[in-house]
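Please look through the sequence and the structure below before reading on. The paragraphs that follow lead from the place where the chains meet to the details inside each chain.

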Amino acid sequence: MLRLPKLVLLVMGVGLLLHGLAAGALRAGGPALIGAEQFAHWHGPIMVCGFLGVVISLERATALKVWFGWAAPLLTGIGMGLFIVADYGPTGALIVLAGSLFHSLNQGLVLARQPNAANTIMLLGALIWVTANLLLLADYTVPQLVLLWMSFLLFTIIGERIELSRVLVPNALTQALLLIALLQLLVASAVALWDYSMGFRIYGLGLILAAIWAWHRDLAFRNYRLPGLSGYVAKALICGWAWCLLAGVLMLVFAGPSAGPLYDALLHAIFVGFIFSMIFGHAPIIFPGILGINIPYRPILYLPLGALQLFMLLRIGGDVLTIGWLKYWASMATAVIIPLFLLSMLSLIIRSASMKK
Amino acid sequence: MDSIRTSLQQVIDPEIGINIVDLGLIYDISQTNNQVCVLMTLTSAGCPLQDMIISQMRQHILQDHPDIDDVKVEVTFDPPWQRAMMSPVAVNLLGG
């Protein structure tokens, strides 16, 4: 596929990210930017199905190179765009569902090309996303569905990490540990549909086991001493797994509320701490892969990564200790750091292009 | 073909931190006149880095071999990549 259409899809994903961040900032008590009061209640789905759904399905379509592969990010982006411009409607939800079905088809084709455990887990993640989108159409609430959306992301990331861990000597004990962790995440996502609190507790345990697995098997824990890009990616990933562990502990201890500061802490430890550490780490690899543009590594990338860790710790601290002003300012800072990181990526691309000339 | 392999050793998998030759991703290299053909695999069929890796391979081969003016790269997943395909250097770097 030509670079321009892929760039358009990526810009659509970034547009959804900015809308999701604006919605999040408003929910945290900040200003109403870009009409966020209209779609603030869809903050979570815009971030997960919109931004992450588009970027993950775009990443897979780029690898697959089949014409219908692009339907996944395109439909997902259009569907979530409808959530923003027309509030929730069955049309938007149906289009997002179609996008997630195409993403599952893509993952199925990847599995057919390369049958292994990693691709099976990623296909399972895609099917979990389809399930959540179906249940949204059946009027299940966001708090009921949030663990299913979380599992879509976790199964995708864990699948990718397993794939890379194949360079290590296989270990039956860690394989068993991961299987238990994944089963717990799956069961917990289903349990939360009926018993929210119980679902979160089981999920928390699954997250802790997943983090222990990563400590033993994720290459990041071996590569963090490497210089340059490889070392940066590894350190970002280790930060992500630390958030996974912390989120698991928070869920075990504080599971229960489906609103308020503790709910905020439980969700954002994973959705921002874990997921965005992974994104900050992978962006210098994935963006060039998608766009076919070389993005040179620069140590300045540690700055937004470090700032994200600091302000997320302050935000979770503000939530758990119910210090409103701390949570507010740390949330605002986090919402600013994410676009600043994207700008730093953009500046590296421009610098690289100007150096070539 | 050793000089082509040496060129390809400059292409590093950014996540694993090891070059694609020692990772065992290069299955075959052949040369006809001014053209080099490389048959390779990837550790992941869902990896979006394929185009970037191929572009770097072309760049290094052409840079190091002024007599070559065309590089063809074919990606296959048959046979699938296995850990046993890694060189002793890579195995050692990854801790045995």
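**Where the two chains meet**

In the contact between the chains, 24 residues come from chain B and 33 residues come from chain A. It should be kept in mind that this is a predicted model, and what is described here is computed from its atoms. Chain B and chain A bury about 2,300 Å² between them, and 58% of that area lies on carbon and sulfur atoms. Within chain B, the residues that lose the most area to chain A are B:Glu15, B:Pro48 and B:Met52, which together account for 28% of what that side buries.

The charged and polar side of this interface can be followed next. Side chains of opposite charge can pair when their charged atoms come close. Between chain B and chain A the count is 2 salt bridges, and in a salt bridge listed for this structure the side chain of A:Arg161 meets that of B:Glu15, with 2.7 Å from N to O. B:Glu15 is thus a residue to look at twice, since it is also among those in chain B that lose the most area to chain A. Across the interface of chain B and chain A there are, in addition, 14 residue pairs in polar contact, counted where both residues have pLDDT 80 or more. On the side of chain B that touches chain A, the largest share, 3 residues, is contributed by α2(B). The residues of that side of chain B divide into 13 nonpolar, 7 polar and 4 charged.

**The sheet of chain B**

In chain B, 3 strands form an open sheet, arranged in the order β3-β4-β5, and their pairing is mixed. Why do β3 and β5 of chain B each have one side left without a neighbour in the sheet? The strands β3 (26-32) and β5 (70-75) of chain B stand at the edges and have a single partner strand each, so one side of each remains without a neighbour in the sheet. From one strand to the next, the twist averages 15°.

The mixed pairing becomes clear when the strands are taken in turn. β3(B) and β4(B) pair in the antiparallel sense over 6 bridges, and they form a hairpin with 2 residues between them, where B:Asn33 in the turn has a positive phi of about 50°. Strand β4 (residues 35-40) of chain B pairs with β5(B) in the parallel sense, over 6 bridges. B:Leu39 of β4(B) is the bridge partner of B:Asp28, while in β5(B) the bridge partner of B:Leu39 is B:Glu74. Helix α2 (residues 50-64) of chain B packs on the sheet and touches β3, β4 and β5 of chain B, and its direction makes about 150° with that of β5(B).

**Details in the loops and in chain A**

Some local features deserve a careful look as well. The peptide bond from B:Asp78 to B:Pro79 is cis, with omega near 5°, and B:Pro79 is found in the loop between β5 and α3 (88-93) of chain B. In chain A, A:Ile34 has a positive phi of about 40° although it is not a glycine, and A:Ile34 is found in the loop between α1 (3-27) and α2 (43-64) of chain A.

Over all chains, a search of the whole structure finds 9 salt bridges. In one of these, the side chains of A:Arg315 and A:Asp264 meet at 3.0 Å, N to O. This pair links distant parts of the chain, with A:Arg315 in helix α12 (residues 302-320) of chain A and A:Asp264 in helix α11 (residues 261-291) of chain A, 51 residues apart.

Methods:
Residues numbered from 1 in each chain as written. Chains lettered and ligands numbered in written order. Predicted model: local features only at pLDDT ≥ 70, side-chain atom pairs only at ≥ 80, totals over all residues. Heavy atoms only, no water. Pairing = 2+ DSSP bridges. Helix = DSSP H or I, 4+ residues; strand = E, 2+ residues; numbered from the N terminus. Axes fitted to C-alpha atoms, helices over the stretch in contact; angles between N-to-C directions. Contact = heavy atoms within 4.5 Å. Buried area = accessible area lost by both parts, 1.4 Å probe. Salt bridge = Lys/Arg side-chain N within 4 Å of Asp/Glu carboxyl O. Polar contact = N/O pair within 3.5 Å; in protein donor to acceptor, adjacent residues only side chain to side chain. Nonpolar A, V, L, I, M, F, W, Y, C, P; charged D, E, K, R; others polar.
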